[in-house]
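Open your viewer and get a selection box ready. We will go from the whole chain to single residues, one stop at a time.

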Amino acid sequence: MAASRSPLRLLGITLLLLLCCGSIAAALSAEPDHVTLTWAGDPRTSQTITWRTDVSVPAGQIRLWEPGPGQTVLAPGVSLPATTRLLSTDAVDMNLHTVTVSGLKPATLYQYQVGSGGAWTGPYSFKTAPLKAEPFSFVIFGDSQSLDYRVWRKTLWQAYRDNPAAAFFVSMGDLVDVGQDYAEWEDWFEAAAGVIESWPILPVVGNHECYTPERIFSRPRYFTAQFSVPENGPAGLERQAYSFDYGEVHFSVLDSQAGEQKLFVPDLLERQRQWLAQDLAGTDKKWRIVLLHRPLFGNKPDGVNEYLRQVFAPLFDEYKVDVVFTAHDHVIARTVPINADAAAAPPGFGTIHAATGRSGTKTYQNVEAKEWNAFFENPTAEPNYLVVAVTGTALKVRTVSVNGSVVDEWAVEKIVPKATE
Ligand SMILES: [Fe+2]
């Protein structure tokens, strides 16, 4: 389990929540900011840390240590070098510095600082995953795209404060409204500051990551530059599609933006179909979760996305995917368990598709419950998030409104042990 947060940190969170009415602005300088935790490798023994500076800073380092006397791994003053890459945006050029620290001890709390050009920031902390799979929890946020990113900030901070043991969070795509407008990312990172230095993100690409300010389609270039995730996806789609294991869960993360990227990757879905078949065939994890932005079984008038369904649904059936989490429609919804395009019988032998609502400002009116839904709500009043608890026998999912009320609660049970156990 992740470390519980200290009273001091909770005080800081409360103060920042109180500051939510302040304006969101960031200034690019030689000092590190946008400090972000992801995993490019094994969460039991590694952590990936990314930050940015202006282009005057050609390199970066981290300091890392175990808190407490006599437990120092790397003493302050001893540092690891970062890989530095230039990111040119419509607004400004910047350097992104990334370090993947490996060889860490499982289930261990570490503190770290990032530094560039003599300026250090932090310390922040993270905790590695247990060596042997244990129960854990994580949080999911639907689309955070906003007219006012203080709403996203409030949702994120609320979830962070109320779920101190959650190991990481998933962002389901459409993190921002215009993905190739860097001003949007400034607001997103500013809103997330204070959380993402200590709470790793598992990001999913959405259609809005593929839009320019002129509303021309683009590769999701700013997204893939900023989030260093496992580069184990299909060739040419590195950081857009990938898989990741935490505990007894195998996560397959897909890119559903076939329309937006057809000029650049005409076979975007087919490439992922081949990869996903191998990816799912190759895991022995008890739980299989797929994350993709656009739903196969949606709640807008057009309902089923036939292209996505034809490409991916047979694989979800064949490899017994437990849950597909989706976004895009900004609704809180879940289907009955589905197999072969019909309600599965018995209920345990199908895939539940769960739409994750919205964590930003955007809502839709043209959404409705469909015949495949076991639950539907349009969260027009308040944003929301999901908490997923993974136990030895169940995935327990709770959808929580930012006002604290529980909107939906459900579980997938799996009492049959794995064949390898
Ligand atoms: Fe979307």
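Here is the tour, stop by stop.

**Before you start**

This is a predicted model, in which local features need pLDDT of at least 70 and side-chain atom pairs count only at pLDDT 80 or more, while totals for chains, interfaces and linings use all residues. Residues are numbered from 1 along each chain as its sequence is written, and side-chain values use heavy atoms, with hydrogens and water left out.

**The whole chain**

Show the cartoon to begin with. The chain holds six helices and 23 strands; helices (H or I, at least four residues) and strands (E, at least two) are DSSP runs, numbered from the N terminus. Now colour by burial: of the 421 residues, 57% are buried. Buried means under 20% relative accessible area, exposed over 50%, and partly exposed in between, with a 1.4 Å probe and protein chains only.

Next, turn on contacts, meaning heavy atoms within 4.5 Å. Among those between residues at least 6 apart in sequence, 71% join residues at least 24 apart. Switch to the surface, and you have about 16300 Å² exposed by the chain, 54% of it supplied by carbon and sulfur atoms. Accessible areas come from the Shrake-Rupley method with a 1.4 Å probe, and for residues only the protein chains shown count as cover.

**Backbone stops**

Most residues other than glycine have a negative phi, and most peptide bonds are trans. Where should you look for a cis peptide bond? Select G122 and P123: the bond from G122 to P123 is cis, with omega near 10°. P123 sits in strand β8, residues 119–127.

Jump to R215, in the loop between β11 (201–203) and α4 (221–226). R215 is not a glycine, yet its phi is positive, about 60°. Its relative accessible area is 45%, so R215 is partly exposed.

A340 is another non-glycine residue with a positive phi, here about 50°. Find A340 in the loop between β17 (338–339) and β18 (342–343). With a relative accessible area of 54%, A340 counts as exposed.

**A patch on the surface**

Return to the loop between β11 and α4 and pick F217. F217 is partly exposed, because its relative accessibility is 38%. Add L263 and F264 to the selection: with F217 they form a nonpolar patch on the surface, with about 320 Å² of accessible area together. Patches are made of residues with over 30% relative accessible area and no salt bridge, joining like charges within 9 Å and nonpolar side chains (Val, Leu, Ile, Met, Phe, Trp, Tyr) within 5 Å. A salt bridge is a side-chain nitrogen of Lys or Arg within 4 Å of a carboxyl oxygen of Asp or Glu.

**Two buried loop residues**

Select T351, in the loop between β18 and β19 (352–356). Its relative accessibility is 3%, so T351 is buried. What does T351 touch, not counting residues up to four places away in sequence? Its partners include F316, D322, V324, T335 and P337. I338 is 13 residues from T351 in sequence, with 5.0 Å from C-alpha to C-alpha. Also draw a distance to V321, whose backbone oxygen lies 2.7 Å from a polar atom of the T351 side chain.

Finish at K370, in the loop between β19 and β20 (373–377). K370 counts as buried, because its relative accessibility is 13%. Its side chain reaches the backbone oxygen of K300 at 3.1 Å. Leaving aside neighbours within four places in sequence, K370 is in contact with G298, N299, K300, P301 and G303.

Conventions
Polar contact = N/O pair within 3.5 Å; in protein donor to acceptor, adjacent residues only side chain to side chain.
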